[in-house]
Amino acid sequence: MDKIIIDGGKPLAGEVRISGAKNAALPIMAASLLTDGWNTFTNIPDLMDIRTTRKLLESLGAVIEGTPGALRINAGEITNIEASYDLVKTMRASILVLGPLVARFGIARVSLPGGCAIGARPVNLHIKALQDMGAEVALKEGYVEAKARRLKGTAIYFDSPTVGGTENIMMAATLADGVTLLKNAAREPEIVNLAEVLIGMGARIAGAGTDEIRVEGVERLHPVEAEVIPDRIEAGTYMIAAGITGGEIRVLGCQPNHLCALIEKLRDAGMIIETMNGGLRAAGNGRVRSVDIKTLPHPGFPTDLQAQMMSMMAVAEGLSVITETVFENRFMHVGELMRMGADIHIQGNSAIVKGVNALKGAPVMATDLRASASLILAGLAARGTTELSRVYHLDRGYQDIEKKFSALGADIRRVSGA
């Protein structure tokens, strides 16, 4: 199993180009199930989750050409409506094939998904919404089985904003009979990107990016050529890297308007954040100051950057309180940061972080995707050598992370282990 070795303490400098957003690419690939013919999607990142989704779509009968960067997907001859456990177990986003399959073919059998162990993240909101649209849904032997001659448009209220639920039901509603209103919908940029792709296919969608999305069903959709937005979480990770190492990084290809909450917190912490043509500049400005953080659905502070910010707060001046409101099990990186000398105490869903002068390199273990990134950042700032194991989590969401950090001046390398 691979490991990443980091000799820390070097300020990072240079420029890094941001890859396409995994969390936008996955639902967009699933949306190809709604059409006949060849869809072309560009700016697809080269990640394990992308490869898993490709295998999943191919197992359903889709034909896929190209490599990450640009994929052509033809779902004109779907021969299977079952997403098997063997493919779904490693990636929660696999549930996104449920809505498109039911909408287009009237039937789907999808295994309950896996993915990062950061909380329950139940699919009950997806299931209830499909039932509200007239589908018969049952849970049998670990699978969600759904049937509907044709889904019916209706008003759907999500008890809490759900990104996957909003995406799944928005896709399903494109081919439903009548108008579907999604209320308390998630507002993430990835949902806007998906809506733009669906509109390009001929869907009638209004309100994406707000908490109420209106979808008027159509009889059929057609193929589209579309581009995946840049990964705001990857961009944020490199911005935080500039602060935790006291460096200066030009983050190219990102969209600053997707990063407003992070930018505000980094400026409050004393960093210099400037927008520039084609991206932004993030620079450390002495030792960062502590800031309080509370994760919230977009446009609030993203839960996917909480762990990375905690690493920076671990070496900040002062005391910070980091409150996690989105996932109930997203402090698993705390114990590993404490192995590196961080002073952190958990109180309920909050972490009290007292900044120390420096972290110390140590053997640490990744527990999920974003925790992995937080430990990379901690290792980049630490004195001595950090050895990170279970790096397969990183490969699910960060393209060439060690190569990109190495190009910024980091002493980081991947080694093959037993």
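**Exercise 1. Cysteines**

How many disulfides does the structure hold?

*Solution.* The model is a predicted one. A disulfide requires two cysteine sulfur atoms within 2.5 Å. For Cys 254, the closest cysteine sulfur is that of Cys 260, 11 Å away, which is too far for a bond. Cys 260, for its part, is in no disulfide. The structure holds zero disulfides. As to its surroundings, Cys 254 is buried, with a relative accessible area of 8%.

**Exercise 2. An open sheet**

Determine the order of the strands in the four-stranded open sheet, and identify its edge strands.

*Solution.* Begin with a general point: strands of a sheet pair through backbone hydrogen bonds, either parallel or antiparallel.

Step 1. Strand 8 (residues 136-140) and strand 9 (residues 143-147) run antiparallel and are joined by five bridges. In this pair, Leu 139 stands opposite Val 144.

Step 2. The hairpin of these two strands has two residues between the strands, and Glu 141 takes a positive phi near 55° there.

Step 3. Strand 9 also pairs with strand 7 (residues 107-111), in the antiparallel sense and over five bridges. Here Ala 108 stands opposite Ala 146 of strand 9.

Step 4. The complete order is 6-7-9-8, with mixed pairing. Strand 6 and strand 8 each pair on one side only and are therefore the edge strands.

**Exercise 3. Helix 2**

Compare the expected span of helix 2 with the distance between its end C-alpha atoms, then state where its buried residues lie around the axis.

*Solution.* Step 1. Helix 2 covers residues 48-60, which is 13 residues; at 1.5 Å a residue, the helix should span 18 Å. Its end C-alpha atoms are 19 Å apart, in agreement with that value.

Step 2. The buried residues of helix 2 are Asp 49, Ile 50, Thr 52, Thr 53, Leu 56, Leu 57 and Leu 60. Seen down the helix axis, they fall within an arc of 160°, so they line one face of the helix.

Step 3. These buried residues pack against several elements, among them helix 1 (22-31), strand 4 (63-67), strand 5 (70-74) and helix 4 (98-105).

Step 4. After the helix comes Gly 61, with a positive phi near 115°.

**Exercise 4. Leu 33**

Is Leu 33 buried or exposed, and which residues does Leu 33 touch?

*Solution.* Step 1. Leu 33 is placed in the loop between helix 1 and strand 3 (38-42).

Step 2. Its relative accessible area is 0%, so Leu 33 is buried.

Step 3. Not counting residues up to four places away in sequence, Leu 33 touches Leu 57, Leu 60, Ala 75, Ile 78, Val 97, Pro 100, Leu 101, Arg 104 and Phe 105. Of these, Leu 57 and Leu 60 are buried residues of helix 2.

Step 4. Leu 33 and Glu 77 are 44 residues apart in sequence, while their C-alpha atoms are 9.8 Å apart in space.

**Exercise 5. Two further buried residues**

Describe the surroundings of Glu 190 and Thr 303.

*Solution.* Step 1. Glu 190 lies in helix 7 (residues 189-200) and is buried, with a relative accessible area of 5%. A polar contact of 2.8 Å joins its side chain to that of Arg 232. Leaving aside neighbours within four places in sequence, Glu 190 is in contact with Asn 23, Ala 24, Glu 167, Ile 229 and Arg 232.

Step 2. Thr 303 is found in the loop between strand 18 (293-294) and helix 10 (306-313). Thr 303 is buried, with a relative accessible area of 11%. With the neighbours within four places in sequence left aside, its contacts include Thr 295, Glu 324 and Arg 330.

Technical notes: Residues are numbered from 1 along each chain as its sequence is written. This is a predicted model: local features need pLDDT of at least 70, side-chain atom pairs count only at pLDDT 80 or more; totals for chains, interfaces and linings use all residues. Side-chain values use heavy atoms; hydrogens and water are left out. Buried means under 20% relative accessible area, exposed over 50%, partly exposed in between (1.4 Å probe, protein chains only). The expected span of a helix is 1.5 Å times one less than its number of residues. The arc is that of the directions from the helix axis to the C-beta atoms. Contact means heavy atoms within 4.5 Å. A polar contact is a pair of N or O atoms within 3.5 Å; within protein, one must be able to donate a hydrogen and the other to accept it, and residues adjacent in sequence count only if both atoms are side-chain atoms.
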